[in-house]
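Here is a short briefing to read alongside the model. Have the sequence and the 3D view open, and let's walk through them together.

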Amino acid sequence: MIDTSDNTVTVCMDYIKSRCSREKCKYFHPPPHLQAKIKAAQHQVNQATAAAAMVGLTPPNPPFI
């Protein structure tokens, strides 16, 4: 889905997790090289969130992809 007001694209997270079963999905299904970047960014956010929880801090905002 492309939001023309701010030129953003919504990624299908079900597709990233190999679970999209929509016949005509309105969200973007990224190619493998972009999936790898998205998964890496999610991993970094998860690690930062876990580390912040250990010391009682607020986790950082996720990176914009």
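**A walk through the chain**

S18 is exposed, with a relative accessible area of 69%. Please keep in mind that this is a predicted model. S18 sits in the loop between α1 and α2, and the notes below move outward from there to the two helices, the cysteines and the chain as a whole.

**The loop residue S18**

- The backbone of S18 deserves a look: its phi is positive, at about 60 degrees, even though S18 is not a glycine.
- For context, most residues other than glycine have a negative phi.

**Overall layout**

- The chain contains 2 helices and 2 strands, and along the sequence they follow the order β-β-α-α.
- Of the 65 residues in the chain, 11% count as buried.
- The accessible surface of the chain is about 5,400 Å², and carbon and sulfur atoms contribute 57% of that.
- Taking contacts between residues at least 6 apart in sequence, 23% join residues at least 24 apart.

**Helix α2**

- Helix α2 covers residues 32-55; with 24 residues, α2 reaches 35 Å from its first C-alpha to its last, close to the 34 Å expected at 1.5 Å a residue.
- Which residues of α2 are buried? They are Q35, I38, A41 and A52.
- The buried residues of α2 pack against α1, which spans residues 13-16.
- As general background, an α-helix has 3.6 residues a turn, so residues three or four places apart point the same way.

**P32 and Q35 in α2**

- P32 lies in helix α2 and is exposed, with a relative accessible area of 63%.
- The C-alpha atoms of P32 and I16 are separated by 9.3 Å, with the two residues 16 apart along the chain.
- Q35, also in helix α2, has a relative accessibility of 14% and therefore counts as buried.
- Leaving aside residues up to four places away in sequence, Q35 touches Y15, I16 and P30.
- With P30 there is also a polar link: a polar atom of the Q35 side chain lies 2.9 Å from the backbone oxygen of P30.

**D14 in α1**

- D14 belongs to helix α1 and is partly exposed, at a relative accessible area of 30%.
- Once residues up to four places away in sequence are set aside, D14 touches R19, C20 and R22.
- What does the side chain of D14 make with the side chain of R22? The pair makes a polar contact, at 3.1 Å.
- The C-alpha atoms of D14 and H29 are 9.2 Å apart, while the residues themselves are 15 apart along the chain.

**The cysteines**

- How many disulfides does the structure hold? The number is 0.
- Why is C12 not bonded to C20? The closest cysteine sulfur to that of C12 is in C20, but at 3.7 Å it is too far for a bond, because a disulfide requires cysteine sulfur atoms within 2.5 Å.
- C25 is likewise in no disulfide, and its nearest cysteine sulfur, that of C12, is 3.8 Å away.
- C12 counts as buried at 1% relative accessibility, whereas C25 counts as partly exposed at 21%.

Note on methods: Residues are numbered from 1 along each chain as its sequence is written. This is a predicted model: local features need pLDDT of at least 70, side-chain atom pairs count only at pLDDT 80 or more; totals for chains, interfaces and linings use all residues. Side-chain values use heavy atoms; hydrogens and water are left out. Helices (H or I, at least four residues) and strands (E, at least two) are DSSP runs, numbered from the N terminus. Buried means under 20% relative accessible area, exposed over 50%, partly exposed in between (1.4 Å probe, protein chains only). The expected span of a helix is 1.5 Å times one less than its number of residues. Contact means heavy atoms within 4.5 Å. A polar contact is a pair of N or O atoms within 3.5 Å; within protein, one must be able to donate a hydrogen and the other to accept it, and residues adjacent in sequence count only if both atoms are side-chain atoms. Accessible areas come from the Shrake-Rupley method with a 1.4 Å probe; for residues, only the protein chains shown count as cover.
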